[in-house]
Amino acid sequence: MFIDHKIWVGNADTPVYLLPKMANRHGLIAGATGTGKTVTLKVLAESFSDMGVPVFMADVKGDVAGLSEPGSKSEDMDKRIARFKLDEAGFSFSGYPVTLWDLFGKTGIPLRTTISEMGALLLARVLELNELQSDVLSVAFKIADDHNLLLVDTKDLKALLSYINDNSKSFEADYGKISSATIGVITRAIVALETQGGDQFFGETALSIADFLTLGEGGKGMIHILDSESLINNGKLYSTFLLWLLSELFETLPEVGDMDKPKMVFFFDEAHLLFKGTSKALLEKIEQVVKLIRSKGVGIYFCTQNPRDIPDGVLAQLGNKIQHGLRAYTPADQKSVKAAAESFRENPAFNSYDTILNLGTGEALVSFLDEKGIPEMAQKVSILPPRCSFGAISEEKRTQLINSSLLYSKYAKSYDPDSAYEFLSRMGLEEQAKKEQEKANKAAEKEAMKKEKEALKEKEKEDRAKKRAVQSVGSTLLGTLGREAGKAAGGKFGKFGQRLGGNLGAQLGRSILGTLFKK
């Protein structure tokens, strides 16, 4: 509850407050199932909204959307109101401005980004690629950048990978050897993501971060709720999307330094999924974002069952802690409880370890930063009840919230812009047409050469026929003339001389003709 310019979270011996100007120093909300984490999330979200700060949070169990509906009187609520003296503080039931989102576009406004905006590092996590495959995917993104290829959706990425595979030799000198087998593995991973519906997340119209920094009626901060009941089954996609959103906030928002209140607060429920199976490079990126994003005016609150789910490098950045009850059934559990207790500034009034083990539902061990940024001593606190509804909303109410949102018309319908797939398809058709034309030209040239060769053979054949005809006629004519001349010359020597002269004359005539027509 936002009162006296402070966030009233609960009561110890006295009210316990979270200071707005320390809210962007991040926080941790931890506790076993059923200890009241969701109620704490709602109380904080309501308070941030009341002070005009937009909020983003995931709805894993389907009951966070109840923030849109005012709570109702009951015997239990009357007892809580009396216990905290909320009537004197002006407590009243109230709903809050809510925008519902859904990556699949079924139970909320479709929420999309593009492949290019997601980037190779985060996409490799979604696709569950190993280090080598991730490197090849990074090379593919570099090729796309160098060739001005816009990657919007999964078909753009598949077209790019196919193009790289077909032209791997031409890329080898500038980008290194790219294995066809590795390209095949990445492509199959993309297809697997498509079969799970993950491809619906990639496309246009892509989310504009500015639309998350909006206010609702009465100047209250808009509470953006991502429906995650089905999404949580794909932990990689769920956590990668939230990490992408954090990265977009970090890269988009300007530096603002210390502010009286955050520009936006981001709740990361089921935070253990973010760090499960995370590569070293990605973990370093997460730590960097967490460290630096507070200078952009954004506060991040990780919500998980056990603090040990959060890496030490990230945990060290979380100045505001709300620890609900933990159970210690095994030695490993006891060790976790001890670590959680030791992360608090010791309060001499009680033992933090025993307190955490014995916290009831709605109770928590709390430590917030004071005005100097120093963690306060741990306090055992009873968390305030929310002003909104405890339960889920009806389907009719959900539909109404979706359709009445000003952002619905902007994001409801997707469109397919001219991007890498279309460009490479056109280039492929042009290349194919060019090859077909070259093939046709070669065929025509071959046919022309064949015809020319046949014509030459025909001419040579005709020439040989003419020569044979001339030789035949000439041989006969000259042979006859030679024979007659030989007879006349040999007649002087009698019949034998006449015969011999005729034969020699005919042979001489044919020899002369052969010499004349010899090639």
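**Notes on K380, the largest pocket and T99**

1. Let's start with K380, which sits in strand 13, the run covering residues 379-383. Keep in mind as you look around that this is a predicted model.

2. Is K380 buried or exposed? Neither, quite: K380 is partly exposed, since its relative accessible area is 40% and that label covers values between 20% and 50%.

3. Who does K380 meet from further along the chain? Setting aside neighbours within four places in sequence, K380 has contacts with N11, A12, F350, T355, L359, E363, A364 and L365. I356 is worth a look too: 24 residues separate I356 from K380 in sequence, and their C-alpha atoms are 9.0 Å apart.

4. Now for the largest pocket, which holds about 450 Å³ of space. Its lining is made up of 19 residues, and those nearest the centre are P97, V98, G216, E217 and M222. Two elements each supply two or more lining residues, namely strand 6 (98-102) and helix 14 (395-404). Helix 14 gives the largest share, with four residues.

5. What is the pocket lining like by class? Eight residues are nonpolar, eight are polar and three are charged.

6. Strand 6 is also where you'll find T99. This residue is buried because its relative accessible area is just 3%, and buried means under 20%.

7. Beyond residues up to four places away in sequence, T99 touches I109, M222, I223, H224, I225, S405 and L407. One of these, M222, is also among the residues nearest the centre of the largest pocket.

How values were computed:
Residues are numbered from 1 along each chain as its sequence is written. This is a predicted model: local features need pLDDT of at least 70, side-chain atom pairs count only at pLDDT 80 or more; totals for chains, interfaces and linings use all residues. Side-chain values use heavy atoms; hydrogens and water are left out. Buried means under 20% relative accessible area, exposed over 50%, partly exposed in between (1.4 Å probe, protein chains only). Contact means heavy atoms within 4.5 Å. On a 1 Å grid over the protein atoms alone, a cavity is a set of points where a 1.4 Å probe fits but cannot get out, and a pocket is an open set with protein on both sides within 12 Å along at least five of seven lines; lining residues have an atom within 4 Å of a point. Grid points are joined across faces, edges and corners, and a volume is the space filled by probe spheres set on the points. Ala, Val, Leu, Ile, Met, Phe, Trp, Tyr, Cys and Pro count as nonpolar, Asp, Glu, Lys and Arg as charged, and the others, Gly among them, as polar.
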